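Hi,

Here is the structure I promised to pass on. Have a look at it first, and then read on for what turned up.

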Amino acid sequence: MSEIISVHSFRGGTGKSNVTSNLATLIARSGKRVGVVDTDIQSPGIHVLFGLEEERIRYTLNDYLWGRCAIEDAVYDVSSILKQKPSLFGRQGSIYLMPSSIKMSDISRILREGYDARLLNDGLHHLVKRLKLDYLLIDTHPGINEETLLSIIMSDVLVLILRPDKQDYQGTAVAVDVAKKLEVPKMLLVINKALPSLNFNELRQKVQNTYATPVAGILPVSEEMFNLGSSGIFSLQYPNHPWTETISAIAKQVMGAKAKSMV
């Protein structure tokens, strides 16, 4: 059985795409078939993290939504970033990415006309079956709108990203309340960009008590992350870094949700 995971934040700038790309990579490296869809159509960019060059992109999610192509035509195999060694015994993982268009004309059209979110819903379910995905990760648009609500509704797991910031706390309260009303099967909070000087245990307890929702991990502010500058997948570049250790633990919790549902 496949599992759909939405990665969301109420505000922009939380590092949502970095978290999504690293979760997808670590899950794939465990031998799973993983899909990633960039539904942040108004400000796309996750394809950069996976090294998908613009010249290689013929069709995007926008083209599917406008009836220009089948949904599988807008998907690109980016498994080469995993740099897996040939294996005779273990199953090798794979990553399939569906980017959104970064053309200004396409972004303007989306802002002007919107799109049929239900068509996206149907297409993603088709994609899961066609590619035989174990996991599909949806990088959502920040905030609460119709498209986000449908992504949340179709999700088995919702990962909410927030920073230790008062505005983020208030916005996350709205997102958590919406998710609970929509009866999302599993919800996890991830605190990102936390200063190392903070007491992580106290921060975790405070956030868990405030939202009555488990905190899957607290990711520290990282100088190496800033230096990388979105030019790759952090967990592959820095496999022994504390940030990578934490995101690995989060990935295991996300995959654990599927294991529990199968018991």
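To start you off: is K16 buried or exposed? Keep in mind that this is a predicted model. K16 counts as buried because its relative accessible area is 6%, and the cut-off for buried is under 20%.

K16 has a charged partner, too. Its side chain meets that of D139 in a salt bridge, at 2.7 Å from N to O. This pair links distant parts of the chain, with K16 in helix α1 (residues 16–29) and D139 in strand β5 (residues 135–139), 123 residues apart. D139 is buried as well, since its relative accessibility is 0%.

The helix that holds K16 is worth a look. From its first C-alpha to its last, α1 reaches 20 Å over 14 residues, close to the 20 Å expected at 1.5 Å a residue. Of those 14 residues, 12 are buried, so α1 is largely enclosed by the rest of the structure. Among the buried ones, besides K16, are N18, V19, L23, L26 and I27. After α1 comes G31, which has a positive phi near 100 degrees.

Back to the charges. Side chains of opposite charge can pair when their charged atoms come close, and the structure holds 10 salt bridges. Two others to look up:

- D63 and R68 form one, and their closest N and O atoms are 2.9 Å apart. D63 is buried because its relative accessibility is 8%, while R68 is partly exposed because its value is 44%.
- K181 and D177 form another, at 3.3 Å from N to O. Both sit in helix α7 (residues 166–181), 4 residues apart, which is about one turn of the helix. An α-helix has 3.6 residues a turn, so residues three or four places apart point the same way. K181 is exposed because its relative accessible area is 64%, and D177 is partly exposed because its relative accessibility is 38%.

There is also a network: R11, R163, D165 and D168 are joined by salt bridges that share partners.

Now the sheet. It is open, has 8 strands with mixed pairing, and runs in the order β3-β4-β2-β5-β1-β6-β7-β8. The edges are taken by β3 (76–77) and β8 (215–220); each has a single partner strand, so one side of each is left without a neighbour in the sheet. You'll notice β5 in that order, the strand where D139 sits. At the β8 end, β7 and β8 pair in the parallel sense over 4 bridges. If you want a place to zoom in there, L189 stands opposite V215 in β8.

One last stop, on the surface. L195, L198, V221 and F226 form a nonpolar patch, and together they have about 380 Å² of accessible area. L198 is found in the loop between β7 (186–194) and α8 (200–211). How does L198 count at 35% relative accessibility, and why? It is partly exposed, because 35% falls between the limit for buried, under 20%, and the one for exposed, over 50%.

If you only have a minute, I'd begin with K16 and D139 and their salt bridge, then go on to the surface patch with L198.

Cheers

Technical notes: Residues are numbered from 1 along each chain as its sequence is written. This is a predicted model: local features need pLDDT of at least 70, side-chain atom pairs count only at pLDDT 80 or more; totals for chains, interfaces and linings use all residues. Side-chain values use heavy atoms; hydrogens and water are left out. Patches are made of residues with over 30% relative accessible area and no salt bridge: like charges are joined within 9 Å, nonpolar side chains (Val, Leu, Ile, Met, Phe, Trp, Tyr) within 5 Å. Accessible areas come from the Shrake-Rupley method with a 1.4 Å probe; for residues, only the protein chains shown count as cover. A salt bridge is a side-chain nitrogen of Lys or Arg within 4 Å of a carboxyl oxygen of Asp or Glu. Helices (H or I, at least four residues) and strands (E, at least two) are DSSP runs, numbered from the N terminus. Buried means under 20% relative accessible area, exposed over 50%, partly exposed in between (1.4 Å probe, protein chains only). The expected span of a helix is 1.5 Å times one less than its number of residues. Two strands pair if DSSP finds at least two bridges between them.
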